[in-house]
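I opened my notebook and went through this one a piece at a time. Here are my entries, in the order I looked things up.

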Amino acid sequence: MRLRTLTLAAASGAALLAAGVLPANASGNPTTPASAQEGSVSAADLLAKVKSCSQISNGKYKTDDETSATIPVCGKNGAVFWKADMDIDCDGQRTTNCNEDRDPWYQDDTAFHQSDGKPLKAESLPYVVVPSSSSIWNYAGAGIKGGGVVAVIYNNKVEYAVVGDTGPTKIIGEASYATAKALGIDPDPATGGTDSGVTYILFKNSKVSPIESHSAAVSLGDQLAKQFLANN
């Protein structure tokens, strides 16, 4: 898991030029979600339950290295949530759009692995990155597990993802290439993402099996989202 900086992502004209030369959607991978609204629970109904924050983290997180720490982790019945940006994680197995040439921060592993022991595929699997455990917050202590279900909400769309990787201890707001693409966010790992407007709702003590099954994440996510609405 790399440390993204606004400077690296935005300042290099050469990097922007290179990104323009490369095709924005070179894969055509049929397993990549093409669009979201997933499940039967609307974005509006979920967002109505997370208007106020009961902070459970000991401090707040930054969205990037250069920003100030303003993002708390909030608690609800059966879930935790945060509202942040989305940086693009391309870590895991090498694919057409997720590799050293496309991603300056690329790493060939993820914190959690597929059922066959291999790293996850960021290009085709919607997953979310949680901050590594620290004095600010310990995700495991809050009932959040690798493979846990996450409802990711952006621009009135809902995408179900899994907890797939861990990141820096002081930064929050990152998801896989596939998550961004499904939500209509530019998935380019070097220049994509969005600066704000993303809500992440992580359902406690949930686990998709196998972790690489997106259809299983959607099925379980829809069930947990209905429970979340009923319990909050």
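**Disulfides**

What pattern do the disulfides of the protein chain follow, with bonded cysteines counted along the chain? I am working from a predicted model, and in it I read the pattern as 1-2, 3-4. The structure holds two disulfides.

I took the pair of Cys53 and Cys74 to begin with, and found their sulfur atoms 2.0 Å apart. The torsion about this S-S bond is about -100 degrees, so I noted the disulfide as left-handed. I then looked up where its ends sit: Cys53 is in the loop between α3 (43-48) and β1 (74-76), while Cys74 is in strand β1. The two cysteines are 21 residues apart, and the pair links distant parts of the chain.

Buried or exposed, or in between: what is each end of this link? Cys53 is partly exposed, with a relative accessible area of 38%. Cys74 has a relative accessible area of 3%, so it is buried, the cut-off being under 20%.

Next I turned to Cys90 and Cys98, which are joined by a disulfide with an S to S distance of 2.0 Å. This link is left-handed, with -60 degrees about the S-S bond. Cys90 comes out at 0% relative accessibility and counts as buried. Cys98 also counts as buried, at 0%.

**Strand β2 and its partners**

Cys74 led me onward, since this residue stands opposite Phe81 in β2. I counted three bridges between β1 and β2, and the two strands run antiparallel. Their hairpin has two residues between the strands, and there I found Gly78 with a positive phi near 80 degrees.

How many of the residues of β2 are buried? I got ten of eleven, so I wrote the strand down as mostly covered. β2 is also joined to β7 by seven bridges, in an antiparallel arrangement. Within that pairing, Lys83 has Thr199 as its bridge partner in β7. With strand β6 (residues 174-176), β2 runs parallel and shares three bridges. There I picked out Ile88, whose bridge partner in β6 is Ala175.

**Strand β4**

I moved on to β4 (residues 149-154), where six of the six residues are buried, so the strand is largely enclosed by the rest of the structure. Which residues cover the two sides? Val149, Ala151 and Ile153 lie on one side, with Val150, Val152 and Tyr154 on the other, and all are buried.

I checked the neighbours as well. Six bridges join β4 to strand β5 (residues 157-167), and these two run antiparallel. Val149 has Val162 as its bridge partner in β5. In the hairpin of β4 and β5, with two residues between the strands, Asn155 takes a positive phi near 50 degrees. β4 is also antiparallel to strand β7 (residues 194-203), with four bridges between them. Here Val150 stands opposite Leu202 in β7.

**Nonpolar core**

The largest nonpolar core has 59 residues. I listed the ones with the most contacts inside it: Trp82, Met86, Trp137, Tyr200, Ile201 and Phe203. Several elements each supply at least two residues of this core, among them α3, β4, β5, β7 and α5 (214-231). Which element gives the most? That is β2, with seven residues.

I followed Met86 further. Leaving out residues up to four places away in sequence, Met86 touches a set that includes Val152, Leu183, Ile185, Val198 and Tyr200. Gly193 is one of the residues touched by Met86 too.

**Gly193**

That made me look up Gly193, which I found in the loop between α4 and β7. Gly193 is partly exposed, with a relative accessible area of 23%. Its C-alpha atom and that of Asp87 are separated by 4.9 Å, although these residues are 106 residues apart along the chain. Not counting residues up to four places away in sequence, Gly193 touches Met86, Ile88, Ile185 and Asp186.

**Cavities**

How many cavities of 30 Å³ or more are there? I counted two. The second largest has a volume of about 40 Å³. Its lining includes Val129, Val130, Pro131, Gly167 and Pro168. β3 gives the most to this lining, with three residues.

Conventions: Residues are numbered from 1 along each chain as its sequence is written. This is a predicted model: local features need pLDDT of at least 70, side-chain atom pairs count only at pLDDT 80 or more; totals for chains, interfaces and linings use all residues. Side-chain values use heavy atoms; hydrogens and water are left out. A disulfide is a pair of cysteine sulfur atoms within 2.5 Å. Buried means under 20% relative accessible area, exposed over 50%, partly exposed in between (1.4 Å probe, protein chains only). Two strands pair if DSSP finds at least two bridges between them. A nonpolar core is a set of buried Ala, Val, Leu, Ile, Met, Phe, Trp, Tyr and Cys residues joined through side-chain atoms within 4.5 Å. Contact means heavy atoms within 4.5 Å. On a 1 Å grid over the protein atoms alone, a cavity is a set of points where a 1.4 Å probe fits but cannot get out, and a pocket is an open set with protein on both sides within 12 Å along at least five of seven lines; lining residues have an atom within 4 Å of a point. Grid points are joined across faces, edges and corners, and a volume is the space filled by probe spheres set on the points.
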